Amino acid sequence: MTGAVRLEPVDERNLEPLLSVAAAEADPEDVMPPVQAPAGWSLARRDAFREFHRASFGGLDGPTRTQMYAIVAGGEVVGMVRMTRRDEPGTVETGMWLGRSARGQGLGAAALRELLHVAAAAGMRTVVAETTPDNTGAISVLKKCGAELREKDGKLYAEMCLDSALPAR
Ligand SMILES: CC(C)(COP(=O)(O)OP(=O)(O)OC[C@H]1O[C@@H](n2cnc3c(N)ncnc32)[C@H](O)[C@@H]1OP(=O)(O)O)[C@@H](O)C(=O)NCCC(=O)NCCS
């Protein structure tokens, strides 16, 4: 099934639903940078999750040069996809996660397709991503969205060119 998804900029309205999904259905290392805090979804880690996302409320031209989007499917927040401005002109890097119950239904590819459209509308020409060769879910999503993949030093680098026709939504 290819699910229909909508992207909503992460803001105070969807931050708590996003945290709820992350805490219930994702590992901290998949959704935020490491922090010094008790293991698991401790109060300190929840606060760090909020601050990590608030830091990017300024979007592509803000201090983190990152625009984060809540992935909404069936009216519910199910995950997050972001784009971060790179030094190369017209280039952003993307990353995403979904709650466990939303995985394996094609929502990741649907969300990345939406992100490619949003990036093109923002004037970007290239979207890149980095993952590991063992992340079969991420690799499948990237391939479905037309990425060229290159492995180097144990990492997998993906590049999606927005000059060519975008994949259908
Ligand atoms: C990577 C991720 C976003 C993929 O999104 P997704 O919506 O699950 O992707 P898809 O539904 O298109 O599935 C991709 C492939 O992975 C497989 N897969 C995904 N989740 C799975 C699960 N829970 N169990 C079994 N297989 C799964 C699917 O079978 C599918 O294979 P196919 O393309 O051959 O059919 C999601 O798995 C995720 O959030 N993972 C944790 C965070 C992460 O690794 N992010 C990427 C960092 S670079």
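## Strands 5 and 7

Val127 has its bridge partner, Met160, in strand 7. Strand 5 (residues 126-131) and strand 7 (residues 155-161) are antiparallel and joined by six bridges; two strands count as paired if DSSP finds at least two bridges between them. Helices (H or I, at least four residues) and strands (E, at least two) are DSSP runs, numbered from the N terminus.

A word on the model: it is predicted, with local features needing pLDDT of at least 70 and side-chain atom pairs counting only at pLDDT 80 or more, while totals for chains, interfaces and linings use all residues. Residues are numbered from 1 along each chain as its sequence is written.

## The sheet and its helix

Let's step back to the sheet. It is open, with mixed pairing, and its seven strands follow the order 1-2-3-4-5-7-6. Strand 1 (6-9) and strand 6 (148-152) are the edge strands, each pairing on one side only.

Helix 5 packs on this sheet and touches strand 5, strand 6 and strand 7 (contact: C-beta atoms, placed from the backbone, within 7 Å). The direction of helix 5 makes about 160 degrees with that of strand 5; axes are lines fitted to C-alpha atoms, for helices over the stretch in contact, and angles run from 0 to 180 degrees between N-to-C directions.

## Around the ligand

The ligand is surrounded by 19 residues, the closest being Arg103, Gly104, Gly108, Gly137 and Ser140 (near: C-beta atom, placed from the backbone, within 6 Å). Strand 4 (91-98), helix 4 (107-121) and helix 5 (136-144) each give two or more residues to this shell. Helix 5 contributes the largest share, five residues.

Notes
Contact = placed C-beta atoms within 7 Å.
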